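Here's a quick tour of a few spots worth a look. Pull up the view and follow along.

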Amino acid sequence: MRPQFVVFAGTLVLVLSAAMFAGDQLSPKKEEAAELGACAKSVAGGFLQIAPTRDQRFQGKVTEPTARCRGGMNAVNFRFTPWVDWSNYWGTGDTSSLPVGFLSVQAPKFRGVSGALLDLEYERIELIKFNLFDNSGTYQAYVMGNAAGIPGPVVKTWPEMRLPASNPDYAAVGGAGPQVCSGSLIRARTLTGICNDIRNPLMGSTGMPFARNAEFESTFPELEQTTLTKNRHGGRIGLLTPDPQVISRKLFTRVQSNPAACNLGFGLPNNSVDSNCDYQKAPFFNVLAAYWIQFMTHDWFSHMDDGHNAPGTSMDVGCKTKLVNGVQVPLTPDEVQQLGCRPQDQVDKTYVLDDSAPGQFTANGKTYLARAPKIYANNNTAWWDASQLYGFDDVSVKRVKHDPNDPAKMLLEPVQGLAGGYLPVLQAGDPFEPQWTGQESVAFPDNWSVGLSFFHNLFAREHNSFVDEFRRQAAQTPNADSGLRNPSDPKRVIAYKDVSADELFNVARLVVAAEIAKIHTIEWTPQLLYDEPLYKGMNANWNGLLGTGDPDATKALSDIVVHGFGTSTNAKKGTQWYSVFASGPGIFGLGSTVPHYDVANPDDVNGGVNHFGSPFNFPEEFVTVYRLHPLVPDLLEYRDLKKDPNQIVEKVAVIETFESKATAAMHSRGMANWGLSMGRQRLGLLTLNNVPQFLQNIRLPRLDTPTGQLDIAALDLIRDREHGVPRFNEFRRQYGLRQMTSYDDFVDQRLPADSPERKRQMDTIAQIREIYGTHACDASKIITDAQRNSDGTPINDCLGHPNGSVVDNIEDVDTIVGYLAEYARPHGFAISETQFVVFILNASRRLFSDRFFTSSFRPEFYTTLGINWVNHNGPGPIMMEIGAPNGHAQPVSPLKRILMRNIPELSPELQHVTNAFDPWARDRGQYYTLDWKPRADALSDPSFK
Ligand code: HEM
C-alpha cells in the first residue's frame, strides 16, 4: 500500500493508515522468505557510499530491500515518514519487536540490531564530515587545508590553539617558539583545561568559544543575513517572535488534574502526601538521572560567568503578543491573565565574546563565513574533567576544600545524626554570589538542587574512598611501584610511599572523572535510550564491539586505528576509517597500548586523540539539546530508609530544595534517604506540556527586575534565539535528518486513526499551528542548501506543496519546541531523534579528543590502582551481576558500586538494581520492557498504583 495524501486544514497531511503499518499480510513463512530475498538484494546493492556533499546525506533512510531485510513490512512502511528507519528494525524494541512464527527470532534480531548499528555508524561518519564548525579561527584551514598543505580534516595543530603571551604558562609551553606542553603541565588535568592536547595547549580550556555544528551561514536566522534565511523565515521571526512566554504557557505547561493540590509546584502545606502535581513520566528513567545530567552539564559548559550574565543588560522576555491572521498583535490584559504569564519579567543578556564582522574567505568558487556572526565563551573547561567538583578557574578553585589532615582528600565534615561525611558549607572568606549563601562549597554552585548536592557529596566521598584504598596499599607495600611516573624524570619508579598528597589528589581526580565518563557512557545513556542497539553502541564506544573478551584483538585494532589511520594525511582514512575502526577496540583507551610507551614522548602521550580537523569544544547546538528542564518533577516523593522504603512519607516541593534549601534538605534528611527517594521516582518525559510549574514561576534573587521572577522554559527559547541556533527544520537538515513539510508530520503515524493518543497529538499540533501560523508559499524562493527534494531539486518555500498554497510556518518552529514535539521515537528513547543525533557526534568527540580517555589512560598518569579502579568499577576484581539482564552478561554497574561503597545503607535496596538510573523498584522484566510494574518486594509502593 502507498501512502495517501489528503488535504487537511489547508495543509497536506501524510496519512498512513494503521493497516499499512500492520504490513501486507503474508504468512510468517512467506514473509521470512521474502525478507531473506530482500537481504540478498540489499547485500548485492553494496555498501552505502558516504555522501560527497551535505545535501546528499543518508538521513537514516535505507532502500526498500534493506528495510525489508532488517525489519519486514513495518520498516518498509515507516520509510515514508521523516524519522530514521532503524527504529522499526527487528529487535530494536521490546519483545514485540521480534517476529512471530519465524524459524527463530535470533537471525532477524541480529539483522535488525546490527543494521541499526550500521546506520548509526554512517550517521556518525557523516556528522564528523559535515558538522564541524570551529569558532576560534581555524575554519578556513579546515576547508582549505593548512599552510603546510595538510588537508583540513587531518590537520592536528592550529596556531589559534597556542597559549597567548598573557597566559602564566606561556613560557613553560615554549613561548613564541613551537609550543609543546611538558613536565608538570601534562601529568594531570590542569585547572583551566590547558595542555590536555599537548600540542594545542589552549584547546578546550576555560573561556574558549563555543563551536557550532551548523554551517555558520545558517546560524542567527533572526538576522536574515543571507537570501536563504530571508526566504526561509520571510521576516516572521525575532528574539521575542513568536512570543516565548505564550509558547511556554500554551505548549510547555503541565496540565493538572487538581491544580489546588499542585499549587503551582509548591504542593500542600507540611509536605503533605496529598500534594499532587501531574507530569508525564518515563517509566524506565528515575529522578537521579535528571539530576545526573544537570550535574554533567555543569562539568561541560556554561554561558554564565560564576552565576551571572552580562551586567546592566536587562531585556523583556515576552508575554506581549500573539499571532492573529498572520500578524503579531498585542495581548489584552484578559489574555495575559488567562495565560498566567508576566509581561513585566526581564532578564539580563548573555555575555558576547565577539560580535565583530566575522570575515569571509573563498574556496572552490564558494564564499564562506570564517566564523559565526556572534560568538560566546564557554566559561567552563570543555573537557569531561569533573571541573564542577574540582574547579575551572582561579575563583572556582577557591571553593574546593582539601582535608587539612590529608590534603590528598576532599574536606568532608560530619553532620549530626547522619552517617558519612558531607561537603562543608561556604564560609565568609570564600568567593561566592549572594544567592549561594548557605550552600555547600563547590566549584560550580549555580542553580543548586538537592540532586546536585547528592552527586557532589557522592563523588567527594568516592574521591576519598580511592585515596583511602591507595593509602591502605601504600601501608601494605610502601616500596612497590605505584605505576605513576613524572614526565620530567620518566625513568624514576615512583613507589607508593613516595606519592605526594598533591600527586594523589590529582590522580583521584583523574579516576573520578573517568568513572563519571564511564557511568555516563555505559549506564546513564543506555537507560536514556533503552534499547538493544544503544546498549551495544554505547558499550562499543567504551569497551569496543569486541568487548573486553579478546584483549589481544582489541590491542591490535587499537594500534591500527591510532598508528594507521590516526597518522594518515589522507582525509578519508584519518576521519571516516578512523571512526569505523574505533568501534572495534572502543574509543576509551585508544592508543594506550602502544609498545614501549614513553611518558616523555608526546607522540605516545598524545597519540590516541583525534579532533577530526576541528579543535574540540561543545557547539551551541549541544547546549540547546541539553535544555532538559521537563525532566524535573514538581514534587519529590520522599521516602525514609529506616521506615518502609515502599512508603512515600512526604511530598517535598523541588522549589523548596532550591539553592541553600538543597543543602538544608540534604543535611536534615541525609544521602541515603535522598538516594532512595530519587532512585525510586520516575522523571519527566522530554515532551511538550511537561515543564515543571515551579520553573515557569521561579524567583531568582539575583534578578534586579520588576517581578524578580522568570519563566525558565520561555527563557530557554530566548537563549537559543540569542545564540543563533537555527530553528527546528533547518536544524534537522543541518544534522542530516529529513526535513518536515507540515506540523502534522509530528504525529506518530503508527497510532491507529481513532486512538485517543493520536487525538491528543493532533490537538497539540493545532496549538502549534495557532502560535506559529501559516502563509501562502512562493515556490520561487529557495530556502536551504543543506538538503534536496528526493528528485534532486532544491527545496523551496512550498516544501513540496503547490505554489501559492497555504503552508505551515514549520521553518519558524523553535528547535526546543520541535524536538519536544517529536512523538515518533525509537523504543525506550527518553529524548527525541533530533536531540540524539547531536549526542552521536558530540558524545563520541568528547572521548576521541581527550587524551586522558585515550592514550594517557595509563598507570603513568592514573597509577596502577587507578587504572584497575576505573576498569573494574572499584577496588578488587570486577564483580558480575547475577543472571543476564536483557541477555547480556554484565559487570555490576559503576554507579551502583559507587553508591554501595559510599552510602552503604543503600546496599540492600540496590541489590535488585541493574542500572542505577532505572527506577529502583521497577521489575525490569523481559527484553527492554517499559512496563511500570513493581518488583516482588515493592508491591505496596503507591507509585505503582
Ligand atoms: C532544580 C532544577 C533546575 C533549575 C532551578 C534550573 C534553572 C536554570 C536557570 C535559572 C538557568 C539559567 C538561565 C539563563 O540565564 O540563561 C538554567 C540554564 C540551563 N539549565 Fe537548568 N535548572 C534546573 C535543572 C536542570 C536540569 C535537570 C538540566 C538538565 C540538563 C538543566 C539544563 C540547563 C541548561 C543546559 C541550561 C543552559 C546553560 C547555559 O546556557 O550554559 N537544568 N537552568
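A residue is called buried here when its relative accessible area is under 20%. By that cut-off, the buried residues of helix α28 are Pro894, Leu895, Lys896, Arg897, Ile898, Leu899 and Asn902. Keep in mind that this is a predicted model.

**A covered helix**
- Helix α28 spans residues 894–902, and 7 of its 9 residues are buried, so call it mostly covered, given the under 20% cut-off.
- The cover over those buried residues includes α13 (450–476), α14 (501–528), α27 (859–872) and α29 (907–910).

**The iron site**
- The iron atom of the ligand has just one protein donor: NE2 of His629, at 2.1 Å.
- As for where that histidine sits, His629 is in the loop that runs between α19 (620–625) and β14 (635–638).

**Hairpin β10–β11**
- Strand β10 (residues 402–403) runs antiparallel to β11, and 2 bridges join them.
- Getting from β10 to β11 takes a hairpin with 2 residues in between.
- His402 has Met410 as its bridge partner in β11.
- Strand β11 (residues 406–410) is largely enclosed by the rest of the structure, because 4 of its 5 residues are buried.

**Hairpin β5–β6**
- Strands β5 (residues 321–324) and β6 (residues 327–330) are antiparallel and joined by 4 bridges.
- Across this pair, Leu323 stands opposite Gln328 in β6.
- The hairpin has 2 residues between its strands, and Asn325 in the turn has a positive phi of about 50°.

Key
Residues numbered from 1 in each chain as written. Predicted model: local features only at pLDDT ≥ 70, side-chain atom pairs only at ≥ 80, totals over all residues. Heavy atoms only, no water. Donors = N, O, S within 2.8 Å, 3.2 Å for Na, K, Ca; no water. Buried < 20%, exposed > 50% of the residue type's maximum accessible area, 1.4 Å probe, protein only. Contact = heavy atoms within 4.5 Å. Pairing = 2+ DSSP bridges.
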